[in-house]
Each structure stands twice: as C-alpha cells, then as structure tokens.
Amino acid sequence: MEITFRWYGENDPVTLENIKQVPVLKGIVTSFFDIPIGDVIPYETIIDRKRKIEEHGLRFSVLESINVHEDIKSGKPTRDKWIANYCESIRNMGKAGIKILCYNFMPVFDWTRSDLNRELSDGSHALSYQAKELQSLNIEKLSKMDLPAWVPYSFDELKQWLALYQNISEETIWSNLAYFLKKVIPVAEEAGVVMAIHPDDPPVSVFGLPRIIRSFEALKRLTELVDSKANGITLCSGSLGPNKNVDLPKAIRYFGEKGRIHFGHVRNVNRLPSGEFDFHEAAHVSSSGSLDMYEIMKAYADINFQGPIRPDHGRKIWGETGLPGYGLFDRSLGAMYLAGLWEAIIKK
C-alpha cells in the first residue's frame, strides 16, 4: 500500500515542502482544475507537474480528477466532442506515466456539504451534511460556495443545469455512463491507465439530481457495464459511510478480489440522527465516528492491496485555515494513524 496526499497545485496553501515532512507520505494525488472543463490536458502540463512533485522526493500517483463535461453526463448530442477530448487527456497521462485516474459522474455538483465549518465538541471544525440545511440554501448561495473540485458554474448556469436534469432519470444517467465508459475504457487500456470512479458524496440525491453511484449494488452494476480491469473504483469510506446499509469491509474484499479497486479514500464520518444520510466528518480514528477503521484497513490487507490510498478530508484544528477539508494538520494525523494500523495489521 502507498499512502498518498491530495495536493491542489501551486495555489494550494499546503505545499510540497510541508507534505514531504510527513514520514509516511510517498505519493501525491493532484488535479488540473485551472484547465477549463472539457478541454484536453496537455502532455507538457502533466509532465511539468510530475517534475515538480518528483523534485520533492515524492511520486505523482493519481490524477484526481479529469472532470466529466455535463454534456456527457446529460447525454447531449455534443457529448462525442467532449469524450474525444477526454480520451486525449487519458492518452497524455498514460504517456506521462500516470496510471490511475479518479473521476466521478455526479451531475452539476461534486461532493456537497451544507456546512463547511461545523464546530465539534472538542473545538475543532469539520465539514457537515444535513439534508434540511442544504435545502435551505438557495442557488445563489450555492454558486458562491468554495469547495475544492467544484466546477465554478455561475448562478445562471446552475439554474440552467438544474432545470435540465429535472427531466433526466437515474436510468438515463446509467445509460449515459455506459456510453461514456464504452468509449473511454478501450483508450485507457491502450494507454495503460485504469479508471477509478468515485462514489457520489453524499450517497443520496441532492436538489432532485439523479445521482447513481451510492451503494454496493451500484458499484457492482458499474463494474459490469464494461468488463475490464480498467473499469474500476475509488473506494471512498467517507462517501459510502453515511449509508449504513453499505458493509465497507465486505465491499473492499468483494471488489478487491476482482481487481477493481484502484484507489482508496479512507476517512471517518459520524452519522447523525437528524436524517437518514446526515453526518459530520470526524477525525480518522474509529472512536471519533461511526466507522471501524481497523476493519477497513484489515480488509485492504486481506486483499493484499498494493495501490494508493489517501487520508481524505480533515478537520480544521489548531487554528489552521485553508481549503475546506484540505488542511495539513488533521490529514497528517490521519495519514500517521492509517500507517500505524497498516503496520500493526501486516506484522500481526
């Protein structure tokens, strides 16, 4: 297993100099969100980022993510143009030696929260999702939320996309995802790249949008759309965790034994009684939330997982400021905790 760390590039308040001082971190997970969605990511851009990462003694492990254009997700006639660009970006990352692509198929919004600064009982602050709170936010407020990985749609663009998806069913989204994968997976295979879909976060529809990758059954259906090891999963415990019906260790063993888990996000959540999928994010240790992190890491050990994982979102602690969920301190604590669990498990 390789423990990695999310880094958003030169404008990230957390620097590569910071990251390399955390002794268990060997790989970097990064993105190119400065490139407009749908455009090709040039080979030279990928190589330049790779060079900067390697200059700090780290490895460019995962590209997370190349956002999927809404025309593809909604099935517009223009989708083939954007799929062709997507395929070219995959070829460029493969040529650059980057072998894992984490992506998602969430319409309009990426991962979504109702509160970016919920104060916990210990005085730390965490990301939180409560359905009633989210519904109280109007579209104008949503267009101004500053969450990493969000496509910066304007107020008017958000209104247009939300209106469009009101007439698109979940089954249509499944059909559009199948169309996309049947085009890109052969290209990924040729480029030596594996695709790793990220579950919807949270695992429930928001604002009536047809979100589909939110359960064990959905992941199983996803892997059956195209029968290829290149059609795989980013197993995110924090995204699936609010769904109490998902047995995370079982899912890791099932998909891992089939060779379909290419990347892992490992974090804890604390399920809340206010709603079926309500939660706030917690410190990584098991006692802080609703997930048994030992059993999750044990499942990865049982499948002899050799790929990258990363501590996912962290709390704001010790007065730190920065990107929501992506400060240095708590994620570093999480990385050390996961490394400690892993060492104890494999030496047992």
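Which residues have the most contacts inside the largest nonpolar core? The legends below take you there step by step, through close-up views of a predicted model.

**View 1. The largest nonpolar core gathers 97 residues.** Here is the reply to the opening question: Leu177, Phe180 and Tyr300 have the most contacts inside this core. Look for helix α8 (residues 170–191) too, since no other element is credited with giving the most: α8 supplies ten residues to the core. A second core, separate from this one, has five residues, among them Val62, Ile100, Cys102 and Phe263.

**View 2. Tyrosine 300 meets residues from elsewhere in the sequence.** Set aside the neighbours within four places in sequence, and tyrosine 300 is still in contact with Met1, Leu235, Ile252 and Ile261. Gly264, Val266, Phe305 and Trp342 are also in contact with tyrosine 300.

**View 3. Eight strands form a closed barrel.** Follow the strands around in the order β1-β2-β3-β4-β7-β8-β9-β12, and you will find that the pairing is parallel. On average, neighbouring strands of this sheet are turned by 30 degrees against each other, direction ignored. As a reminder, strands of a sheet pair through backbone hydrogen bonds, either parallel or antiparallel.

**View 4. Strands β4 and β7 run parallel in the barrel.** Strand β4 (residues 100–103) is joined to strand β7 (residues 194–197) by four bridges. Find isoleucine 100, and opposite this residue you will see valine 194 in β7. Isoleucine 100 also belongs to the second core.

**View 5. Two helices lie against the sheet.** Helix α4 (residues 79–95) lies across β3 (59–64), β4 and β7, and runs at about 145 degrees to β4. Helix α13 (residues 329–347) packs on the sheet as well, where α13 touches β1 (2–6), β9 (261–266) and β12 (308–311). The direction of α13 makes about 170 degrees with that of β1.

**View 6. Strand β6 pairs with both β5 and β11.** Strand β5 (residues 115–119) and β6 are antiparallel partners over three bridges, and arginine 118 has alanine 126 in β6 as its bridge partner. The hairpin of β5 and β6 has five residues between the strands, and there glycine 123 takes a positive phi near 90 degrees. With strand β11 (residues 279–282), β6 shares two bridges, again antiparallel; here serine 128 has histidine 280 as its bridge partner. Why is β6 (residues 125–129) largely enclosed by the rest of the structure? Because four of its five residues are buried.

Terms used: Residues are numbered from 1 along each chain as its sequence is written. This is a predicted model: local features need pLDDT of at least 70, side-chain atom pairs count only at pLDDT 80 or more; totals for chains, interfaces and linings use all residues. Side-chain values use heavy atoms; hydrogens and water are left out. Buried means under 20% relative accessible area, exposed over 50%, partly exposed in between (1.4 Å probe, protein chains only). Two strands pair if DSSP finds at least two bridges between them. Axes are lines fitted to C-alpha atoms, for helices over the stretch in contact, and angles run from 0 to 180 degrees between N-to-C directions. Contact means heavy atoms within 4.5 Å. A nonpolar core is a set of buried Ala, Val, Leu, Ile, Met, Phe, Trp, Tyr and Cys residues joined through side-chain atoms within 4.5 Å.
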